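Me: I should like to learn how to read a structural model feature by feature. Could we work through one together?

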Amino acid sequence: LLGLLGLRIGEALALTYADISKPGKISINKTLRADTMRIDTTKNKQTRFLTLPSELSHLVALRGSEDIIISNNKSHYHYNTIIKQFKTLQLQVLSRYYSPHCFRHACAVRWLSLHKIEIVSRRLGHDSIETTMKHYAHFQHFDDRVEGFIMQ
């Protein structure tokens with residue numbers, strides 16, 4: 001979800017199957033706050049809709065459920081748990097650690113090579129293209145190992 005949809009970790013952790021609509025769209029309008037472990041609105045307090053990539057199409061069959069997509073026995077994972085799991089898995093597969101936010105960066109850079117910056121900015125949930133330019137446009141390339149990890 002992080003690498004294919006460019007989600008922030010809190011946005012991914014807050015998703016439920018009810019956020020997926022029938023034509024394979026996913027609604028991003030909430031986040032799990034790390035400090036309180038409570039659901040809140042996204043940074044810009046707006047809803048954005050993203051197309052569910054084919055790699056995640058199996059989630060459509062489960063749509064409508066209030067169950068959390070990334071869950072630990074019907075409750076939210078804690079940020080630290082996710083980061084530890086990311087680190088363990090990446091060190092096994094890549095022999096290197098990338099923070100979960102690196103996957104958002106990799107996704108953004110890939111999108112920038114394919115789309116206008118206005119489209120990428122909307123997909124990332126930025127209020128303005130200036131934010132996208134400041135944080136993502138300066139990357140000329142991204143590590144192919146991150147891309148390979150995203151696709152696994």
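**Reading the model**

Reply: Methionine 37 lies in the loop between β2 (30-32) and β3 (39-41). The model is predicted, and we shall return to this loop after an overview.

Me: How many helices and strands does the protein hold, and in what pattern do they follow along the sequence?

Reply: One begins by listing the elements in order. The protein has 7 helices and 6 strands, and along the sequence they run α-α-β-β-β-β-β-β-α-α-α-α-α.

Me: What share of the residues is buried, and what does the exposed surface consist of?

Reply: Burial is read from relative accessible area, where buried means under 20% and exposed means over 50%. Of the 152 residues in the protein, 42% are buried. The protein exposes about 8,700 Å², of which carbon and sulfur atoms supply 53%. As for contacts between residues at least 6 apart in sequence, 60% join residues at least 24 apart.

Me: Which loop residues other than glycine take a positive phi, and are they buried or exposed?

Reply: Here one reads the backbone angle together with the location and the accessibility. Methionine 37 has a phi near 55 degrees, although the residue is not glycine. Methionine 37 is partly exposed because its relative accessible area is 25%, between the limits of 20% and 50%. Lysine 45, in the loop between β3 and β4 (48-51), has a phi near 60 degrees and is likewise a residue other than glycine. Lysine 45 counts as exposed because its relative accessibility is 64%, which is over 50%.

Me: How does one check the length of helix α3 against its number of residues?

Reply: The expected span is 1.5 Å times one less than the number of residues. Helix α3 covers residues 79-93, so its 15 residues should span 21 Å; the end C-alpha atoms are 21 Å apart, in agreement.

Me: Which residues of α3 are buried, and which are exposed?

Reply: Accessibility is read here together with direction around the helix axis. Tyr79, Ile82, Phe86 and Gln90 are the buried residues of α3. Seen down the axis, these buried residues fall within an arc of 65 degrees, and therefore line one face of the helix. Lys84 and Gln92 are exposed on the other side of α3. Just after the helix, serine 95 has a positive phi of about 60 degrees.

Me: What surrounds tyrosine 97, and which charged end sits over its ring?

Reply: One starts with location, then looks at contacts. Tyrosine 97 is in the loop between α3 and α4, and counts as partly exposed because its relative accessibility is 28%. Leaving aside residues up to four places away in sequence, tyrosine 97 touches Ile83, Phe86, Lys87, Gln90 and Leu91. Its C-alpha lies 7.9 Å from that of phenylalanine 86, with the two residues 11 apart in sequence. The charged end of lysine 87 sits over the ring of tyrosine 97, 5.4 Å from the ring centre. A further charge over a ring is that of arginine 123, which lies over the face of tryptophan 111 at 4.9 Å from the ring centre.

Me: Which residues of α5 are buried, and against what do they pack?

Reply: The reading again joins burial to direction. In helix α5 (residues 117-124), Ile117, Val120, Ser121 and Leu124 are buried. Their directions, seen down the axis, fall within an arc of 100 degrees, so the buried residues line one face of the helix. They pack against β4, α4 (100-112) and α6 (129-135). Glycine 125 follows α5 with a positive phi near 80 degrees.

Note on methods: Residues are numbered from 1 along each chain as its sequence is written. This is a predicted model: local features need pLDDT of at least 70, side-chain atom pairs count only at pLDDT 80 or more; totals for chains, interfaces and linings use all residues. Side-chain values use heavy atoms; hydrogens and water are left out. Helices (H or I, at least four residues) and strands (E, at least two) are DSSP runs, numbered from the N terminus. Buried means under 20% relative accessible area, exposed over 50%, partly exposed in between (1.4 Å probe, protein chains only). A charge sits over a ring if NZ of Lys or CZ of Arg is within 6 Å of the ring centre and within 35 degrees of the ring normal. The arc is that of the directions from the helix axis to the C-beta atoms. Contact means heavy atoms within 4.5 Å. Accessible areas come from the Shrake-Rupley method with a 1.4 Å probe; for residues, only the protein chains shown count as cover.
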